[in-house]
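Me: I keep running into words like "buried" and "core" and I'd like to know what earns them. Can we go through them with the model below?

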Amino acid sequence: MRTTAQWQAADASHFLHPFTDFGALARKGSRIITKAENIYLTDSEGQRILDAMSGLWCVNVGYGQQALIDAATRQLKELPFYNAFFQTATPPAIELAELLAEVTPPQFQHVFFAGSGSEGNDTIVRMVRRYWDILGQPERQVIISRKNGYHGSTMAGASLGGMSYMHAQGGLPIPNITHIDQPYWYENGRPQGLSREDFGKVAAGWLEQKILEVGPEKVAAFIGEPIQGAGGVIVPPETYWPEIQRICDKYGILLVSDEVICGFGRTGNWWGCETMGFRPDLMTFAKGVTSGYIPLGGVMVGDRVAKVLIEQGGDFNHGYTYSGHPVACAVALANIKLIRELKLVEQVRENTGPYLAAQFKALEDHPLVGEQQTKGLMGALLLVKDKAQGTPFASELEVGMVCRGHCFGNGLIMRAVGDRMIIAPPLVITRAQVDEMMALIRRALDLTLTDVR
Ligand code: PLP
């Protein structure tokens, strides 16, 4: 086994990491994660780390689940690959399509497989434009999404996303994608003295304004995450999504839910749209479908779109080598069966979700915490300079990164989005482990407070 320094040297010489300043990381050295079990990682120095981010929002059933390992091994022996292009299919892909139809809302009876969430969202762009083409309305090209939303890193995914730092590189967004502001009450509603409920309606109204500005006859779809994840776990007011639904219905616009993070139980229901109260025409999924054990993503296609594509569409000229990859599908089948067996969705809704909410609520007394939000097993703490006024810290202080450093140093993975500290622990986390996580969070907050005072 190589030493940490040897791993870091090889890593710095050859491996360009995603969303990373390559030069800075090469000078600093990566942390090398060598193994994991349940909700704990181990690094190359033997330190145990509580993974409060489920890898990257994906390891929902926790690490080391034998059922998933066995499913992959069996399928690798039986049939490691065959494609779905040439009027062929494999049993795991068919069975997974069937099972997804069962665990998704009733309008979803069909699935298009991809390899990731980004590829899923590229599929969405192709599919919604194709849908309107077939219906004789090719001018319906424009897709509306939100600033600070995240939909992946391919050209279409990054364009749908509303991350300005991503648009700044590579000439994005691609044409006919436009963005409205996010439903972030603390920043946009609270300073105006609006209640969360009133602000939810105002923020949804921005969609209608944008539709009228673009011209309703040109708008193809609206896409959003039920709860923005990478943007900082921003839970919209309860009034937001029902109003978005009403506006999409009014103008006949397709409604797309990006369930890459919220899907498969994260919010206490199988799907984030169920928690937030809307009925999408299309849903993107990835991550939790295999608990991240192997890459898989895709699009659930609702009856409205499926009927047109199937009955009038002819060839849909789109697909990936790994669409319906048999090993990935076999792992997804085992994963979904395990989620059911362990009753993880119910567990999040009735037990660990409400428990986490109470623990986060208790953190409101901490001098650094300006706002806290949770939904199911997603949570965010906003660190502010002055709680009473809600004054933020100067951005150059990078208080979120300071706090993240204390988390990492003390055996906890928590992510910083600006000064929002966010978590999304594995759905198998127990109440005792939530307590352990909360003690580590409080410690990191206290150490951060010492640094900034
Ligand atoms: N959509 C959402 C909501 C995501 O959070 C992500 C990734 O974090 C993606 C899409 C992109 O998924 P992937 O990284 O698998 O391409």
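Reply: Sure, here are the terms one by one, each set against its cut-off.
Reply: This is a predicted model, where local features need pLDDT of at least 70 and side-chain atom pairs count only at pLDDT 80 or more, while totals for chains, interfaces and linings use all residues. Residues are numbered from 1 along each chain as its sequence is written.

Me: What makes the chain as compact as a globular protein of its length?
Reply: First, the chain has 17 helices and 15 strands; these are DSSP runs numbered from the N terminus, H or I over at least four residues for a helix and E over at least two for a strand. The radius of gyration is 22 Å, close to the 22 Å that the globule rule gives for 453 residues, so the chain is as compact as a globular protein of that length. That radius is taken over C-alpha atoms, and the rule is 2.2 Å times the number of residues to the power 0.38.

Me: Why is strand 4 called mostly covered?
Reply: A residue is buried if 20 or more other C-beta atoms (placed from the backbone) lie within 10 Å of its own, exposed if 12 or fewer, and partly exposed in between. In strand 4 (residues 108-114), five of the seven residues are buried, so it earns the label by that definition. For the whole chain, buried residues make up 48% of the 453.

Me: How do you know that strand 4 and strand 10 pair?
Reply: Two strands pair if DSSP finds at least two bridges between them. Strand 4 and strand 10 (residues 297-302) have six bridges, in the antiparallel sense, and F108 stands opposite G302.

Me: What makes a nonpolar core, and which residues have the most contacts inside the largest one?
Reply: A core is a set of buried Ala, Val, Leu, Ile, Met, Phe, Trp, Tyr and Cys residues joined through C-beta atoms within 7 Å. The largest has 125 residues, with I143, F222, V331 and L412 having the most contacts inside it. Helix 14 (residues 326-341) gives the largest share of this core, eleven residues.

Me: Which residues surround the ligand most closely?
Reply: Being near means that a residue's C-beta atom, placed from the backbone, lies within 6 Å of the molecule. There are 16 such residues, and the closest are S116, G117, S118, G152 and V260. Helix 6 (residues 117-134) gives the most to this shell, with three residues.
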